[in-house]
Amino acid sequence: MSTETFEFQVEARQLLQMVIHSIYSNKDVFLRELISNASDALDKLRLAALRDDALGVDVSDLHIELEADQQSRTLTVRDNGIGMSYDEVIKLIGTIANSGTAQFAAELKEAKEAKDASAAEGLIGQFGVGFYSSFMVADEVVLTTRRAGEAEGTRWASSGEGTYTLERVAEAPQGTAVMLKLRPVDTEDQLHDYTSAWKIREIVKRYSDFITWPIRMAAEAPAAGTEDAEEGADEAPAAREPETLNSMKALWARAKEDVSEDEYHELYKHISHDWMPPLQTIRLQAEGTFEYQSLLFVPSHAPHDLYTQGYKRGIQLYVKRVFVMDDCEALMPPYLRFVKGVVDAADLSLNVSREILQQDRQIQLMRRRLAKKVLSTVKELMTSDAEKYATLWREFGRVVKEGLLSDFENRDAILAAASFDSTHSAEEPTTLKAYVERMKEGQEHVYYLTGESRQAVENSPHMEAFRAKGVEVLLLTDPVDELWVEAVPEFDGKQLRSVAKGELELDDAEAKESEAEREQRQQEFAGLLGWMTERLGEDVKEVRLSSRLTVSPACVVSDTNDATPALEAMYRAMGQELPPTKRILELNPSHALVTGLNRAHGEDAAAEGVAETAELLYGMALLAEGGQLKDPARFVQLMSGRLERAL
Ligand code: ADP
């Protein structure tokens, strides 16, 4: 049959180049990756056979086989799993379908071009390259595969340069065999002898012991003169039994004390395809009528696609040690979608579908319990390991806060596990509990301000009075903050209140002006306020005096129950048209510009300068909070005219 030559997709080629030029120092892990793929292929086949009798495949002896040949210096990893069709090989092996990996390749290339070695190293630590890691140890790889149910097989071969070849093969056993033509041993470069039975045993034990399928090493006639040869000298090679290298014990079913941290980490890497160890391991065993065991992991970094639609939740469902499905969304609420792991339930059918799981009451209970356990673990970390907690919250806090909108039952647990930036400290975020403990005498509310960045929020005019009085304000700058603050009325009996909304009454006694004073000011400015409200009526619903400002002349605030501009923008981005809400312009009655305007207005309300200054004040208030002007060109024109006249 004819052989065709194909080019790797550009990203795939780049990634391969990096693999070949040794971006990973520990080369042994190529075998972990190949075994991991083989194990997945076996899982898939067993499930396919369970669901489709007509598939007609033999699943009685599913296994992984390693075969080393010292003479030809090859190592073959073989499985009798699901296999791949011709087209699948092109799609799965010739291109990088995984968006995270593609992005990794692009970022890595950038870091290398910028000669930023530490950035490159950081990236490398985070991402695995799966099948391509073969090219760390081999200068040629031949993959032969036949998809279950198909008659013909496919052979793929490449030396990892720009191209690969494909041919159809008539006689291929079902499943996949990956044959590596090994590079010469170079211990300096950590290229070990991967034909050595001893080395293979060691690698499997270290990285793949928990794999639930037997990993066998085929007995092979060792090269003459080696130690292995002496040992087996009396036996005819054919009579040797293959040796099973792994214990196949599901970690979650073993006693806690018997499982080492390293073993957990390897299981994590297998299910998550993350090359970094997890941040935290969580075990939960439930006994009673509905029995299950679970082993959950919090990754140490957020994947690139965590916020995309297609993001797969990382919980695998097993039923009595048999893998049933990946990405089991019924087992983890969306706001904990970054949690990876395994749930092994005793009393479910192997045939259970996603739809049934979604509706199953036991599964719903299980999901609640798992969510609670994750949240309580996060909270525990706050005190037991502050550094870990800080990493976790930095990487996943934004996602967890989504739960404040969707998981009413766990709202308090989420608030208790959360931390927020605050004016209290430039470095350390605060918990709500600590905020409440620091509240001033007489302060009744938890104050916050939402916005785009800490800097913008901190310098916003809305903060002035709070800064002057030393009242702490939470600085909320994640997009999700705009949403949950609308939904969460209080914490620990203290109302949450935006410093940019409604009339401000600082809950501290001296801030409150005397009624008489206020009355008098109001009278002083009444003319200007009424006139401005009308003049700016298209944009604002009211112009009033402010008790928020100490330095700025003006600011714009939202009415207590109105959406903030950021929230409106979010709804619009989601395709929901809202009628624009008008906001309120507040003037600082102690500011020279405002008193000057008041005077000028009193003298001649129709003067051009008065109208222009009023308009400029409004524009400046918008700019100061980081907002958008409706007509920036006009603003600049007015401003330069005014400045010109002032010179
Ligand atoms: P990953 O395993 O991270 O998805 P790989 O590059 O290792 O990335 O593999 C890409 C895809 O190729 C796998 O997702 C799988 O669909 C397919 N594949 C790889 N190895 C095998 C195998 N032994 N049997 C069947 N399919 C495989």
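**Exercise 1. Find where Ser547 lies, how exposed it is and what it contacts.**

*Step 1.* Start with the place in the chain: Ser547 sits in the loop between strand E21 (540-545) and strand E22 (554-557). Helices (H or I, at least four residues) and strands (E, at least two) are DSSP runs, numbered from the N terminus. The model you are looking at is predicted: local features need pLDDT of at least 70, side-chain atom pairs count only at pLDDT 80 or more, and totals for chains, interfaces and linings use all residues. Residues are numbered from 1 along each chain as its sequence is written, and side-chain values use heavy atoms, with hydrogens and water left out.

*Step 2.* Now the accessibility: Ser547 has a relative accessible area of 40%, so it is partly exposed. Buried means under 20% relative accessible area, exposed over 50%, and partly exposed in between (1.4 Å probe, protein chains only).

*Step 3.* Look for partners, leaving aside neighbours within four places in sequence: Ser547 is in contact with Ala465 and Leu504. Contact means heavy atoms within 4.5 Å.

*Step 4.* Finish with a long distance: Val137 is 410 residues from Ser547 along the chain, and their C-alpha atoms are separated by 70 Å.

**Exercise 2. Compare the settings of Lys320 and Arg321 in their loop.**

*Step 1.* Place them: Lys320 is in the loop between strand E12 (314-319) and strand E13 (322-325), and Arg321 is found in the loop between E12 and E13 as well.

*Step 2.* Check the backbone: phi of Lys320 is near 45°, a positive value in a residue other than glycine. For Arg321, phi is near 75°, again a positive value in a residue other than glycine.

*Step 3.* Classify each one: Lys320 has a relative accessible area of 54%, so it is exposed. Arg321 comes to 36%, so it is partly exposed.

**Exercise 3. Locate Lys312 and list its contacts.**

*Step 1.* Lys312 belongs to the loop between strand E11 (292-298) and E12.

*Step 2.* Apart from neighbours within four places in sequence, Lys312 is in contact with Asp327 and Lys340.

*Step 3.* For a distance, take Glu329: Lys312 and Glu329 are 17 residues apart in sequence and 8.1 Å apart in space, C-alpha to C-alpha.

**Exercise 4. Decide whether Thr391, Ala157 and Ala119 are buried or partly exposed.**

*Step 1.* Begin with Thr391, which is in helix H11 (residues 386-406). Its relative accessibility is 19%, so Thr391 counts as buried. Not counting residues up to four places away in sequence, Thr391 touches Leu279 and Ser300.

*Step 2.* Move on to Ala157, in strand E5 (residues 153-158). Here the relative accessibility is 17%, so Ala157 counts as buried. Once neighbours within four places in sequence are set aside, Ala157 is in contact with Val141, Val142, Tyr164 and Thr165. Between the C-alpha atoms of Ala157 and Glu67, 90 residues apart along the chain, there are 18 Å.

*Step 3.* End with Ala119, in helix H5 (residues 117-126). At 30% relative accessibility, Ala119 counts as partly exposed. The C-alpha atoms of Ala119 and Thr195 are separated by 34 Å, and the two residues are 76 apart along the chain.

**Exercise 5. Describe the protein chain as a whole, from its elements to its domains.**

*Step 1.* Count the elements: the protein chain has 21 helices and 23 strands.

*Step 2.* Judge the overall spread: the radius of gyration is 33 Å, well over the 26 Å that the globule rule gives for 647 residues, so the protein chain is more spread out than a compact globule. This radius is taken over C-alpha atoms, and the globule rule is 2.2 Å times the number of residues to the power 0.38. Along its principal axes, the C-alpha trace spans about 115 × 60 × 50 Å.

*Step 3.* Turn to burial and contacts: 49% of the 647 residues count as buried. Of the contacts with a separation of 6 or more, 73% come from residues 24 or more positions apart.

*Step 4.* Read off the domains: the assignment gives domain 1 (3-221 + 239-244), domain 2 (251-390), domain 3 (419-509) and domain 4 (513-646). Such bounds come from an automatic or database domain assignment. The centres of domain 2 and domain 4, taken over C-alpha atoms, are separated by 52 Å.
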